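Student: I have this model open on my screen and would like to go through it with you. Can we begin with the ligand and then move on to the domains?

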Amino acid sequence: MNGACLKTEKSQHLLKLAEEVTPAGVHSPVRAFGAVGGCPRFIERGEGAYLFDVDGNRYLDFCSSWGPLILGHAAPDVVAAVKEQVDRGMTFGASTELEYKLAQFIVSRIEAIDKIRFVSSGTEAVMSAVRLARGFTGRDMILKFEGCYHGHSDHLLVRAGSGLVTFGQPASAGVPGDITKNTAVLPLDDEEALQEFFKEHGDKLAAVIIEGIPANNGLLIQRHDYMRLLRALTEQHGALLILDEVITGFRVGFGGAAEYYGLRPDLITYGKIIGGGMPVGAFGGRADIMDHIAPLGPVYQAGTLSGNPVAMTAGLATLKKLTTDNVYAEMEDRNRRFVSKITERLTSSIVNIAGVASIFWILFQRDIPRSASAIAPDGINHYNRMHKRMLEAGIYLPPSGYEVCFLSTAHTDEMLDDAAETIERIIGEEAHEWA
Ligand SMILES: *Cc1c(COP(=O)(O)O)cnc(C)c1O
């Protein structure tokens with residue numbers, strides 16, 4: 001592959017045009033390939049496990065649109081259902097049976113969810129769940145963890161500071177300190193810090209929010225004991241536990257991380273997979289909490305396109321498929337085989353792969369981290385340098401070393417065997433340059 005460069009002329013041309021009318025030419029920042037360099041590909045179509053760009057290049061896709069595409073691109077069942085629905089109209093701004101069907105499908109299968117409400121993104125789901133937790137408890141303070149991403153609402157764009165606990169340092173310009181002053185940030189995987197925090201602030205805390213399995217800043221799989229302690233402390237202090245399952249929901253098993261940890265959160269937020277590729281988010285949980293939402297209760301929340309019929313159809317077709325056969329067990333097996341194949345043959349280099357269910361994360365350090373500060377920035381830089389070569393070899397990895405990879409049901413053993421060989425070869429070739 002050395003020296004062989006894919007044609008990217010059309011992508012480059014489109015990027016130039018897009019840059020004239022859109023900041024950096026992209027509608028979500030990481031798509032600009034800022035971390036990895038090279039030309040962001042403009043995609044023409046997807047099919048199963050493959051992406052095709054406008055220059056006619058084909059890539060085995062491990063980004064899966066950042067998680068939603070658990071059935072792969074243009075999954076036939078989902079596409080057929082959506083096509084049928086589109087003919088009946090795109091939105092009504094009134095209730096449909098489809099909303100009920102998707103809600104009922106989830107409520108009847110997810111233990112912690114008595115009632116659910118649909119929104120249009122993960123950000124919106126989390127924002128609404130936090131407002132609900134505050135309205136329900138009558139408290140303002142929330143706790144989040146360093147390395148967890150919960151969308152881009154103001155209250156959650158908060159940076160970890162130098163101390164163990166920090167409050168309210170905005171992580172973005174345009175977020176007033178006044179808005180984030182009620183958001184505390186703790187490191188993950190630190191029981192002592194958690195206990196200290198609850199001793200001092202527990203009774204003022206509306207909610208703790210944590211990703212089901214943190215997967216937005218590397219894959220930081222938490223220990224069961226830690227999650228159990230979090231549940232126990234929130235219960236003792238009357239704070240709600242919000243499990244942000246926007247990635248993990250319907251991904252690490254149908255029951256998400258709640259099932260994985262054997263945990264019953266008070267509220268769960270969804271996004272990504274729940275819309276089957278369409279923009280859907282949701283929040284749900286205990287009925288007594290959910291009934292505080294307008295119009296039953298005093299916590300306001302609304303959405304013009306919430307419960308959109310086409311999106312509900314895509315979501316329902318996707319979730320139905322996920323409850324058939326051995327979908328999760330098979331993806332997990334394939335992932336495990338794939339990951340061990342790469343790591344077994346690269347014993348001399350420091351490549352490591354963290355994996356859970358159908359998620360994997362390639363990292364370049366010996367120990368698999370459980371907290372943000374345990375991630376080696378050098379390793380991330382190494383990934384970023386490697387990204388371009390993977391792309392040229394037809395492997396589409398997420399364009400940042402902090403992002404995780406997702407398998408879909410469309411990734412076959414044969415595809416993964418080929419990819420393992422390519423990845424192993426490229427990492428092997430790069431390793432001596434780096435070591
Ligand atoms: C993607 C993500 C969000 C935000 O969802 P959007 O649909 O991008 O707004 C929130 N929380 C987690 C855990 C996510 O992975």
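Tutor: Let us begin with G122, where a polar backbone atom is 2.9 Å from an oxygen atom of the ligand; please keep in mind that this is a predicted model.

Student: Which side chain has an N or O atom 2.6 Å from an oxygen atom of the ligand?

Tutor: That is K272, whose side chain places an N or O atom 2.6 Å from a ligand oxygen. In addition, a nitrogen atom of the ligand is 3.3 Å from a polar backbone atom of Y149. Taken alone, the ligand exposes 380 Å², and the protein buries 82% of that area.

Student: OK, and which residues are around the ligand?

Tutor: Going along the chain, the surrounding residues are S121, G122 and T123, then Y149, H150 and G151, followed by E211, N216, D244, V246, I247 and K272. Sorted by class, this shell holds 6 polar residues, together with 3 nonpolar and 3 charged ones.

Student: Switching topic, where do the domains run?

Tutor: The domain assignment gives domain 1 as 9-62 + 325-434, in two segments, and domain 2 as 76-322. Their centres, taken over C-alpha atoms, are separated by 26 Å.

Student: How many residues of each domain are in contact with the other?

Tutor: On the domain 1 side there are 18 residues, and they are in contact with 23 residues of domain 2. The area buried between the two domains is about 1,900 Å², with carbon and sulfur atoms giving 64% of it. Of the area that domain 1 buries against domain 2, Y328, V356 and R370 supply 38%, which is more than any other three residues.

Student: And how many salt bridges and polar contacts are counted between the domains?

Tutor: The count between domain 1 and domain 2 is 1 salt bridge, and there are also 6 residue pairs in polar contact, with both residues at pLDDT 80 or more.

Student: Which side chains meet in a salt bridge?

Tutor: The side chains of D189 and R370 do, with an N to O distance of 3.3 Å. R370 is also one of the three residues just named for the area that domain 1 buries against domain 2.

Terms used:
Residues are numbered from 1 along each chain as its sequence is written. This is a predicted model: local features need pLDDT of at least 70, side-chain atom pairs count only at pLDDT 80 or more; totals for chains, interfaces and linings use all residues. Side-chain values use heavy atoms; hydrogens and water are left out. A residue is near a molecule or strand if one of its heavy atoms lies within 4 Å of it. A polar contact is a pair of N or O atoms within 3.5 Å; within protein, one must be able to donate a hydrogen and the other to accept it, and residues adjacent in sequence count only if both atoms are side-chain atoms. Accessible areas come from the Shrake-Rupley method with a 1.4 Å probe; for residues, only the protein chains shown count as cover. Ala, Val, Leu, Ile, Met, Phe, Trp, Tyr, Cys and Pro count as nonpolar, Asp, Glu, Lys and Arg as charged, and the others, Gly among them, as polar. Domain bounds come from an automatic or database domain assignment. Contact means heavy atoms within 4.5 Å. Buried area is the accessible area (1.4 Å probe) that two parts lose on being put together, summed over both. A salt bridge is a side-chain nitrogen of Lys or Arg within 4 Å of a carboxyl oxygen of Asp or Glu.
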